[in-house]
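Colleague: I would love a close look at one part of this model, the nonpolar core. Please take me through it and the elements around it at whatever length you need.

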Amino acid sequence: MKEPIPQTPNRFVAIFGGAVSGAEAASQLAEKGFKVVVFDQNALPYGKIEDGLPKWHHKLRDKEEQKINEKLSHPLVSYVPNIRLGSDLSVTEIARDWGFSAVLLAVGAWRDRPLPIEGIDEYIHQGLYYQNPFIYWYNHRHEPNYQGIVYDTPDDAIIVGGGLASLDVAKVLMFDNVEKALRARGIETNLFELDRSIAKVLEKHQLTLDDLGIKGCTLYYRRRIKDMPLSTMATDTPEQLEKAEKTREKILNNYQSKYLFNIAPNHAPVDKIVENGRLMGLVFQETEFKDGRLVNIEGALKEVRGSVVISSIGSIPESIQGIPMDGQVYKIIYEECCKVDGFQNVFALGNAVTGRGNINESSKHGKEITEQIVEKYLSQEGESAMYKEVFEDRESQISFHTNKIMDKISLTKPLSIEQMQELDQKVSELQQKVGYTGTFQQWVDKHLPLRLEEMIDLEH
């Protein structure tokens with residue numbers, strides 16, 4: 001029989017990562033009477049909402065970040081910023097020596113899946129970009145104190161991908177090149193106007209891409225357009241599959257009609273083109289579907305040249321010293337609530353769990369509302385609605401997963417008052433070390449970066 005959770009907390013849980021997954025888990029645990037400390041590698045806990053969701057989604061960003069603020073402001077939740085697991089704190093230290101009841105890894109997936117061409121990573125920043133740092137730069141480059149890597153956005157860029165993130169890359173490239181070309185003609189615009197529709201902005205000024213001398217970037221996808229992972233609609237029956245395929249085509253066509261980039265389906269990258277120590281393009285193998293399988297078309301190799309190649313083929317968790325890996329992902333025992341192999345009390349959550357078994361029991365939520373989103377997709381809010389669906393589906397999954405983990409934690413030995421106080425003291429010392437002062441909301445207000453929409457409002 002499970003022990004009831006008392007009014008005075010006697011379980012203390014550490015969570016690494018404070019974004020959607022970490023905040024939802026913290027909220028669930030705190031509501032059930034557990035004490036929680038959330039560590040984040042950044043000053044702010046927003047993860048990819050701040051750094052990976054393109055900044056034209058500012059209304060959705062603000063709404064999602066406010067939800068995180070509310071969850072992390074719970075009286076039983078403490079926050080420690082600027083702490084990186086594996087370097088600032090060792091996994092063994094935090095999981096075994098400190099005495100936490102459990103440690104949850106909600107660290108997300110910040111590492112780009114490598115482009116599968118031998119030796120191509122030798123050309124990172126020499127003609128090769130990856131999507132995660134590229135979008136990070138784009139989201140923060142307007143900030144006066146930005147000192148990170150600066151990326152080029154050439155008109156002839158090659159994008160390799162096929163999901164929503166690769167479409168974001170295409171939009172960034174199109175926005176930058178159209179805005180520069182219009183400015184050269186004395187026409188001022190901004191990404192928020194262009195996000196509504198590049199096509200409509202050009203139509204308003206009686207211009208075309210040809211008039212501006214823009215060819216547009218090209219997105220290369222190894223499968224058909226109807227196979228693009230652009231929705232979470234069910235595909236369990238032939239009828240559902242057909243509907244999902246039509247939806248994907250509709251979404252892609254809508255993107256292209258608004259943002260005017262090029263698409264080349266059935267192109268798989270197989271080799272690199274290098275000149276004078278720089279990546280100058282890729283060799284693609286053309287593919288086709290035959291007898292229900294994706295196959296290579298014999299002899300159909302195509303050289304494609306471009307000033308940069310941007311790879312956007314998915315994200316995987318970063319390697320953390322002390323956490324065992326199984327190939328590109330953490331070594332996890334899925335049948336035991338995604339427990340990290342080698343530890344009794346360390347569990348993975350959210351995007352830190354990739355590959356198999358992402359708690360399919362809770363994914364029904366996303367499938368049910370996708371159809372409504374598709375109907376709205378031609379409206380201005382449609383794309384943000386698709387991202388909102390991803391966040392809501394993630395929260396649903398984490399709620400389900402956290403409840404399972406709580407059952408396990410409730411069976412562990414309660415911590416004594418002295419042990420709880422000792423952990424509180426260690427957390428307080430870490431907060432002091434990183435300069436964390438005041439309430440969580442005061443910290444957020446102090447460290448929130450300057451928003452581009454505020455700068456545009458000030459200028460106009």
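Modeller: Here is a walk through the core, then the helices and strands around it.

A word on the ground rules: this is a predicted model, so local features need pLDDT of at least 70 and side-chain atom pairs count only at pLDDT 80 or more, while totals for chains, interfaces and linings use all residues. Residues are numbered from 1 along each chain as its sequence is written, and side-chain values use heavy atoms, with hydrogens and water left out.

The largest nonpolar core has 85 residues. Such a core is a set of buried Ala, Val, Leu, Ile, Met, Phe, Trp, Tyr and Cys residues joined through side-chain atoms within 4.5 Å; buried means under 20% relative accessible area, exposed over 50% and partly exposed in between, with a 1.4 Å probe and protein chains only. The members that touch the most others are Ile 15, Leu 29, Leu 72, Leu 104, Phe 134 and Phe 261. Helix H6 (residues 164–184) contributes the most to this core, eleven residues. Helices (H or I, at least four residues) and strands (E, at least two) are DSSP runs, numbered from the N terminus.

Take Leu 72 as one example. Leaving aside residues up to four places away in sequence, Leu 72 touches Gly 18, Ala 23, Ala 26, Val 38, Pro 45, Val 77, Tyr 79 and Phe 440, where contact means heavy atoms within 4.5 Å. Apart from the largest core lies another, of 33 residues, among them Phe 16, Leu 85, Tyr 330 and Met 420.

Now to H6 and its neighbours. Helix H5 (residues 131–140) packs on H6 at an angle of about 45°, their axes 11 Å apart; axes are lines fitted to C-alpha atoms, for helices over the stretch in contact, and angles run from 0 to 180 degrees between N-to-C directions. H5 and H6 are therefore oblique to each other, given that angles under 35 degrees count as roughly parallel, over 145 as roughly antiparallel, 65 to 115 as roughly perpendicular and the rest as oblique. From H5, Gln 131, Phe 134, Ile 135, Trp 137 and Tyr 138 meet Ala 165, Val 169, Val 172, Leu 173, Phe 175 and Asp 176 in H6. Phe 134, you will recall, is among the core members with the most contacts to others.

H6 also packs against helix H10 (residues 238–259), with axes that come within 11 Å and cross at roughly 10°. That makes H6 roughly parallel to H10. Here H6 uses Leu 164, Leu 167, Asp 168, Lys 171, Met 174 and Phe 175, and H10 uses Leu 252, Tyr 255 and Tyr 259. Phe 175 thus appears in the contacts of H6 with H5 and with H10.

Finally, strand E4 (residues 102–105) is covered on both faces: Ala 102 and Leu 104 on one side, and Val 103 and Leu 105 on the other, are all buried. E4 pairs in the parallel sense with strand E1 (residues 12–16) over four bridges and with strand E19 (residues 346–348) over three; two strands pair if DSSP finds at least two bridges between them. Leu 105 in E4 stands opposite Phe 16, a residue of the 33-residue core. Leu 104, from the largest core, has Phe 347 in E19 as its bridge partner.
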